[in-house]
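Work through these exercises with the model open beside you. Try each task before you read its solution.

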Amino acid sequence: MSSQTSNETLFAITKEHLETGLRGFPVGYCTTSNVDPIKGLFYMGQPIEQLAEKRPEEVIYLLYHGKTGSSAEVLEFSKDLQKRAKCSPEVIKHIQLLPRQGHPMELFSCALLICGMFESKNNYREDCLNLIAKIPEIAASVINYHAGWNSLKPSRPDLGYMENFTQMLNVPGGDAVALNKIFKLFNILHYDHSGGNLSTFVGKAVASGLEDMYGSITAAMCALAGPRHGKANQDCLEFVEDVLKKVGENATADQVEVLIRKLLADNELVFGFGHAVLRVEDPRATVFYEAAESQFPNHPLVKITRLLRQVGPKVLGENPKISNPYPNVDAISGTMLTAAGFPYPEYYTVLFGLSRVVGIAIQIVYERCEARGGKGTPIVRPKYLFIPRDTVQPKV
């Protein structure tokens, strides 16, 4: 067997390549973003750190149209999103009938299917723009309802993409200015991450069977919900909080180093470090660290993440099996949300989904409407080799 990369390089597939999660196997093209192991994440060739302070509408325009928009073009695009933004009353009504017992991501996935039942156009391009426009209200509806906060405030798309999301949320005692600033930053940093991450691949795979945009994105969000993927920021925050409890906010780097070494000696996990592709500190994490230092330098969790950033790579780098001992975006994103006044980690994956819907939906449009000269990619159908189960797991 053999496969072929985009630059025509051939390589043999051996037994060692099987059951490895398809890591490293080229299967198609991503037209929105790429991740360089050393330079980090790029949207349409632009480094993410240069886009972080832009308006969400500007960055969405870049991803959707594949080019930087002029002021007039972005304004027209923003107005189009505003016209599409409001969900029908039936969608919100049925979201508020869902059971609250499940994880918020379960409600979020159900909400996407509900929206599709009422509002799908069965047109990938139209549904892409409609869903991107509506996802702030869907996410805010799910969070408000699941949390049992006050009724959802009416959608005000004219306020701006994330400004509207912030005002719809009834965060108890939240500072709207601080929250909006962090929500916008979080949103932009998580729009897209190349084509092969689990949620993106799953969404495109489901769409390859000609499922509509809403069903495909629902599948993507179910993939995102797992602890190995989108739930990592929630787990990382809980880890930082646990470190804070053990060493205190006035701890020294030496004390944190002793704790990390003990955790590793006890075969416990150290969260927030390493990445499947990157071999340096995640540039998205760098953006968050800089924002934390400028906005919340004295917050107890920020102090701990500062020490973990200093000590973690040193300790983890001593292990030759660890190819990337540096912080990833999850190491700091939950801390930033908490410091800004949103200390509700159960909803962090929903915020992740709110962002990632943008990139996945745009990638689905490419694969369904533009790939292979407009024919679209074929249905995903990888080859599996038969092997008797007792060959894999011999009977004792």
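The exercises below go from the whole chain to helix pairs, cavities and a pocket.

This is a predicted model, where local features need pLDDT of at least 70, side-chain atom pairs count only at pLDDT 80 or more, and totals for chains, interfaces and linings use all residues. Residues are numbered from 1 along each chain as its sequence is written, and side-chain values use heavy atoms, without hydrogens and water.

**Exercise 1. Describe the overall build of the chain.**

Solution. Start with the secondary structure: the chain has 17 helices and five strands. Helices here are DSSP runs of H or I with at least four residues, strands are E runs of at least two, and both are numbered from the N terminus. Next, take the radius of gyration, which is 22 Å. The globule rule gives 21 Å for 396 residues, so the chain is as compact as a globular protein of that length. (The radius is taken over C-alpha atoms, and the rule is 2.2 Å times the number of residues to the power 0.38.) Last, the box: the C-alpha atoms fill roughly 60 × 55 × 50 Å along the principal axes.

**Exercise 2. Work out how α6 and α16 run relative to each other.**

Solution. Find the angle first. Helix α16 covers residues 348-370, and α6 packs against α16 at about 170°, with axes 10 Å apart. Axes are lines fitted to C-alpha atoms, for helices over the stretch in contact, and angles run from 0 to 180 degrees between N-to-C directions. Therefore α6 is roughly antiparallel to α16, a label for angles over 145 degrees. Now look for contacts, meaning heavy atoms within 4.5 Å. On the α6 side they include Leu131, Ile132 and Ile135; on the α16 side, Leu354, Val358 and Ile362 are among them. Sort the contact by class: 18 nonpolar, no polar and three charged residues. Ala, Val, Leu, Ile, Met, Phe, Trp, Tyr, Cys and Pro count as nonpolar, Asp, Glu, Lys and Arg as charged, and the others, Gly among them, as polar.

**Exercise 3. Find the cavities and say what lines them.**

Solution. Count first: there are two cavities of 30 Å³ or more. On a 1 Å grid over the protein atoms alone, a cavity is a set of points where a 1.4 Å probe fits but cannot get out; a pocket is an open set with protein on both sides within 12 Å along at least five of seven lines; lining residues have an atom within 4 Å of a point. Grid points are joined across faces, edges and corners, and a volume is the space filled by probe spheres set on the points.

- The largest cavity holds about 120 Å³. Of its 15 lining residues, Ala85, Ala133, Pro157, Gly160 and Tyr161 are the closest to its centre. The largest share, four residues, comes from α6.
- The second largest cavity has about 40 Å³. α11 gives the most to its lining, with three residues. That lining has eight nonpolar, one polar and no charged residues.

**Exercise 4. Link the second largest pocket to the pair α8 and α13.**

Solution. The pocket contains about 170 Å³ of space. α8 and α13 each supply at least two of its lining residues, and α8 gives the largest share, six. Now check the pair. α8 (residues 176-189) and α13 (residues 283-295) pack at about 170°, with axes 11 Å apart. They are therefore roughly antiparallel. Lys181, Ile182 and Leu185 are among the α8 residues that meet α13. The pocket lining also includes Lys181, Ile182 and Leu185.

Notes:
Angles under 35 degrees count as roughly parallel, over 145 as roughly antiparallel, 65 to 115 as roughly perpendicular and the rest as oblique.
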